[in-house]
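Me: I've got a fold open on my screen and want to talk through some of its details. Can you take my questions one at a time?

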Amino acid sequence: MRRQQRNPSRLVATFVLVLMLMLLVSGCFSSSGNGKNNAIPGNTVNLIYYTIGDPDADLQMVNDKINEVLAKKIGVTITYIKVGWQEYEDRLNTLVSAGTPFDIAFAPEYTTYAQRGAWLKLNDYLSNVGKDMYDAIDPKFWQGVRMDDGSIYGVPTNKELAVRDQWMYPDELVKKYKIDISKYTTLASLEPLFQMIKEKEPDYQPMELDKDSQNFFALDGFEYVSEKTLPLMVRVLDPSSPVVNIFETKEARQVLDILRRYYVKGYINEDAGMRESQGLKRGVKVFWKAAGGGPLSENSWSKDRGYKLVAYPVTPALITTESMRGGVMAVSVDTKHPIESVKFLNLLNTDPEVRNLFNFGIEGVHYTLDRNGQVVPKAPEDSDGKPIPGAQPSYGGVQYTQGNWFILKTMGGEYPDPPDKWNQFRASNREAVNSSTLGFTPDLSRVPIQVQNIQMVWEKYFPSLMTGSVNVDAVLPKFNQELQQAGINEVRMEVQKQLDAWRAAHS
């Protein structure tokens, strides 16, 4: 009599069934920055997402809520990792260089990383799983992130097209001294204001700068051809402007001399050359500060600072490659979940529930809605449920880094947005004018060593020069000499050749 053979496939099926039952009972899925998310049932794909911003006390709570929503809508969860403002770019460089697994990241220096091959080419996805966001985002943004070979490697934030430099001031002092802020649009024009503030308002820092400084050269119509660590610029309104090392121009020398004078007179904070870039610190008394923004930016800046600010744009409403690429989210070229990553970005840019959750947190916990349906942030509370004076919010998204603005709720509270805020943005976008080099992306692959050496020189001199912290006569010649030794002329000639070809093709 033959012994009955065991059926291997039946044994495997039984084992799989038992395993699935065990997983369903115990809850097996966890995905967060610290691995403590609540269990989420179902067959979900987890994506690792990095972005900039100081980690929040309630980041885990918001991550859990986000995952609950995402799992239901697209079968995806995320590990939501925020890295501080000072550390983010170094961390991203380390992730990419070391090949550390991740799926999605906020992409400063979008161009450089795209040329390094760090980001997934999205063209094929934008006609199917990403079509909704492709249709929702202004076509000029897609033009702005498209590389010269026609490839798109990131999803731009749908926001203001022209990020104008704006100078902000405390409303209280503007009214007190009857200052017409529209009259102050050059660096030199600010001097009498700073002198007055230093004498009459000693509690206020007249001018606040940090080591990242400000693109004061934009006041003279200059735009970087690539990242600012490569100090090559062109005049954006001149279609035949040559590529120049900005620090060899008379315009730059004038800017540096003024900044030095302001620093010596005590108008600029003493630690400017060493101070890391940061958001507006709540309650700090500062008379003048610059930032890039669009219509109504002073409302959000007032909320951040904790007192009312007024602002005036000092650069034209120009659509530049730099402004198009200032808020890009990208997918890692090494992701194992490209379709799910694009699905996530598509939802973030088209679904108001998801987008508002990322930006404001959880309704009833981090904010309430007023009778106009506007967001009113809730202050952190003590154990008795009373607001803690001066406490930082327990959660807050960084708006320009996380997708489509036009599906966000508007803000109420102390400095409310007008109900037609997004219509005002759309009107402003219609009036913006294209830069003469919009869409130009230099290919620096032939001069990688020179670019790296130039960046090292830039890091050595730029922060101190651009904050007035050092003697210009002594330091500027050294800066330019070392830029020459690093190969800036070779890079400039290569970029000029490419720009000439691009202009010929686009004329």
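Me: Is Lys-72 buried or exposed?
Reply: Bear in mind that this is a predicted model, so everything here is computed from it. The relative accessibility of Lys-72 comes to 68%. The bar for that top class is over 50%, so Lys-72 counts as exposed.

Me: Which residue does Lys-72 form a salt bridge with?
Reply: Look for a partner about one helical turn away in helix α2, four residues from Lys-72. The closest N and O atoms of the pair are 4.0 Å apart. The partner is Glu-68.

Me: Which other side chain meets Glu-68 in a salt bridge, and at what N to O distance?
Reply: Glu-68 is partly exposed at 37% relative accessibility. Its partner here is Lys-65, also in helix α2 (residues 59–74), and because the two are three residues apart, about one helical turn separates them. Lys-65 is partly exposed too, with a relative accessible area of 29%. So the side chain that meets Glu-68 is Lys-65, with an N to O distance of 3.4 Å.

Me: What about helix α5: how far apart are N and O in the salt bridge of Asp-135 and Lys-131?
Reply: These two sit four residues apart in helix α5 (residues 131–136), which means about one helical turn lies between them. Lys-131 is partly exposed, its relative accessible area being 39%. The N to O distance in their salt bridge is 2.7 Å.

Me: Which residues are joined into one network by salt bridges that share partners?
Reply: Here the salt bridges link up through shared partners. For the wider picture, the count of salt bridges comes to 25. The members of this network are Glu-208, Asp-271, Arg-275, Lys-289 and Arg-305.

Me: Now for charges on the surface. Which residues gather in the patch of negative charge?
Reply: One of them, Glu-89, has its place in helix α3 (residues 88–98). Glu-89 has 41% relative accessibility, so it counts as partly exposed. The patch is made up of Asp-54, Glu-87, Glu-89, Asp-90 and Glu-459.

Me: On to the open sheet of five strands. Which strands stand at the edges?
Reply: The order is β2-β1-β3-β13-β4, with mixed pairing. An edge strand has a single partner strand, so one side of it is left without a neighbour in the sheet. That picks out β2 (76–83) and β4 (155–156).

Me: Is β2 largely enclosed by the rest of the structure or left open, given how many of its residues are buried?
Reply: Val-76, Ile-78, Tyr-80 and Lys-82 point one way, while Thr-77, Thr-79, Ile-81 and Val-83 point the other way, and all are buried. That fits the usual pattern, because side chains in a regular strand alternate between the two faces of the sheet. With eight of the eight residues buried, β2 is therefore largely enclosed.

Me: What is the bridge partner of Tyr-50 in β2?
Reply: β2 runs parallel to strand β1 (residues 45–52), and eight bridges join the two. In β2, the residue bridged to Tyr-50 is Ile-81.

Me: And at β4, which residue in β13 is the bridge partner of Pro-156?
Reply: β4 and strand β13 (residues 328–331) run antiparallel, with two bridges joining them. In β13, the partner of Pro-156 is Val-328.

Me: How far apart are the C-alpha atoms of Val-331 and Tyr-88?
Reply: Val-331 is found in strand β13. At 0% relative accessibility, Val-331 counts as buried. Along the chain, Val-331 and Tyr-88 are 243 residues apart, yet the separation of their C-alpha atoms is 16 Å.

Me: What is the phi of Glu-109?
Reply: Most residues other than glycine have a negative phi. Glu-109 is found in the loop between β3 (104–106) and α4 (110–115), and counts as partly exposed at 24% relative accessibility. Its phi is positive, near 55 degrees.

Me: Leu-296 has a positive phi too, of about 65 degrees. Is Leu-296 buried or exposed?
Reply: Leu-296 is found in the loop between β10 (286–293) and α10 (297–305). Its relative accessible area is 19%. The cut-off is under 20%, so Leu-296 is buried.

Conventions. Residues numbered from 1 in each chain as written. Predicted model: local features only at pLDDT ≥ 70, side-chain atom pairs only at ≥ 80, totals over all residues. Heavy atoms only, no water. Patch = residues over 30% accessible without salt bridge, like charges linked within 9 Å, V, L, I, M, F, W, Y side chains within 5 Å. Areas by Shrake-Rupley, 256 points an atom, 1.4 Å probe, with all protein chains shown as cover. Lys, Arg positive; Asp, Glu negative; His and termini not counted. Charge placed at Lys NZ, Arg CZ, Asp CG, Glu CD. Buried < 20%, exposed > 50% of the residue type's maximum accessible area, 1.4 Å probe, protein only. Pairing = 2+ DSSP bridges.
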